[in-house]
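Here are a few exercises on salt bridges, pockets and confidence, each with a worked solution. Have a go at each task before you read on.

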Amino acid sequence: MNAPTLKERLQQDLVTARKARDSARTLLLSTTLSEIKNAEIDKGGALGEDELLQVLTRAVKRRREAADSMREARPELAAKEEREAEALQVYMPAALDEAAVREMVRAAIAGGAADLGAVMGQVMPRLRGRFDGKEANRIVREELGA
């Protein structure tokens, strides 16, 4: 039997959360599945795994940014946003460390990519959902000496 897709895992976990009467997790997964459904409507068809990962990455990023902006004024809401981001992070592929990303960047540069755009264009598809884009940009700039 094939492993379930990301969307199937989210749907299965939603059913489990509903049965367990876990309202916070139910709301989080329902919202995430709604975002996926909206992306499918925008596209006009089912999303591939990479596109599902992009939706999930945006959801995690949005919650982390919200937590950062609320940290001073509303620490309890910031903590809630962080918990939600961590709960969604479970569905993401294993994160890469800075050394692995730096190695990918060096390989792209050695392969002939000479500017920021070319290196980022080669590296980002492999990093999506596994490493922060802003940090990747910083590493590329350091490696290019820019």
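A salt bridge here is a side-chain nitrogen of Lys or Arg within 4 Å of a carboxyl oxygen of Asp or Glu. This is a predicted model, so local features need pLDDT of at least 70 and side-chain atom pairs count only at pLDDT 80 or more, while totals for chains, interfaces and linings use all residues. Residues are numbered from 1 along each chain as its sequence is written, and side-chain values use heavy atoms, with hydrogens and water left out.

**Exercise 1. Confidence**

Task: find the mean pLDDT of the protein, and the elements with the lowest and highest mean.

Solution.
- Step 1: pLDDT is the predictor's confidence in each residue, from 0 to 100. For this protein the mean is 89, with 97% of residues at 70 or more.
- Step 2: Elements are DSSP runs numbered from the N terminus: helices (H or I, at least four residues) and strands (E, at least two). Helix α6 (residues 116–127) has the lowest mean pLDDT among the elements, 87, and α2 has the highest, 95.
- Step 3: A reading rule to keep in mind: where pLDDT is low, the predicted coordinates should not be read in detail.

**Exercise 2. Salt bridges in and between helices**

Task: count the salt bridges in the whole structure, then work out which elements hold Glu-143 and Arg-106.

Solution.
- Step 1: Searching the whole structure turns up 17 salt bridges. The general idea is that side chains of opposite charge can pair when their charged atoms come close.
- Step 2: Glu-143 and Arg-106 pair through their side chains at 3.0 Å, N to O. Glu-143 sits in helix α7 and Arg-106 in helix α5 (residues 98–110), so this pair ties together parts that are 37 residues apart in sequence.
- Step 3: Check accessibility, where buried means under 20% relative accessible area, exposed over 50% and partly exposed in between (1.4 Å probe, protein chains only). Glu-143 is partly exposed at 24%, and Arg-106 is partly exposed at 40%.
- Step 4: Now look within helix α7, where Glu-135 and Arg-138 lie three residues apart, about one turn of the helix. Their salt bridge spans 2.8 Å, N to O. Glu-135 is partly exposed at 32%, and Arg-138 is partly exposed at 28%.
- Step 5: Put the pairs together: Glu-98, Arg-102, Arg-106, Glu-135, Arg-138, Glu-142 and Glu-143 are linked in a network of salt bridges.

**Exercise 3. Around Glu-84**

Task: is Glu-84 buried or exposed, and which side chains does Glu-84 contact?

Solution.
- Step 1: Glu-84 belongs to helix α4 and counts as buried, with 15% relative accessibility.
- Step 2: Use polar contacts (a pair of N or O atoms within 3.5 Å; within protein, one must be able to donate a hydrogen and the other to accept it, and residues adjacent in sequence count only if both atoms are side-chain atoms). The side chain of Glu-84 makes one of 2.9 Å with Arg-63 and one of 2.9 Å with Lys-80.
- Step 3: The Lys-80 pair is also a salt bridge, with its closest N and O atoms 2.9 Å apart. Both residues are in α4, four residues apart, about one turn of the helix. Lys-80 is partly exposed at 34%.

**Exercise 4. Two pockets**

Task: what volumes do the largest and second largest pockets have, and which residues line them?

Solution.
- Step 1: On a 1 Å grid over the protein atoms alone, a pocket is an open set of points where a 1.4 Å probe fits, with protein on both sides within 12 Å along at least five of seven lines; lining residues have an atom within 4 Å of a point. Points are joined across faces, edges and corners, and a volume is the space filled by probe spheres set on them.
- Step 2: The largest pocket holds about 470 Å³. It has 17 lining residues, and those closest to its centre are Thr-57, Lys-61, Phe-131, Asp-132 and Gly-133.
- Step 3: Two elements, α3 (49–70) and α7 (133–144), give two or more residues to this lining. The largest share, six residues, comes from α3.
- Step 4: Sort by class (Ala, Val, Leu, Ile, Met, Phe, Trp, Tyr, Cys and Pro nonpolar; Asp, Glu, Lys and Arg charged; the others, Gly among them, polar). The largest pocket's lining has five nonpolar, four polar and eight charged residues.
- Step 5: Thr-57 lies in helix α3 and is partly exposed at 23%. Thr-57 and Phe-131 are 74 residues apart in sequence and 9.9 Å apart in space, C-alpha to C-alpha.
- Step 6: The second largest pocket holds about 170 Å³. Its lining includes Lys-80 and Glu-84, the salt-bridged pair from Exercise 3. Helices α2 (23–43) and α4 (75–89) each supply at least two residues, and the lining divides into four nonpolar, no polar and five charged.
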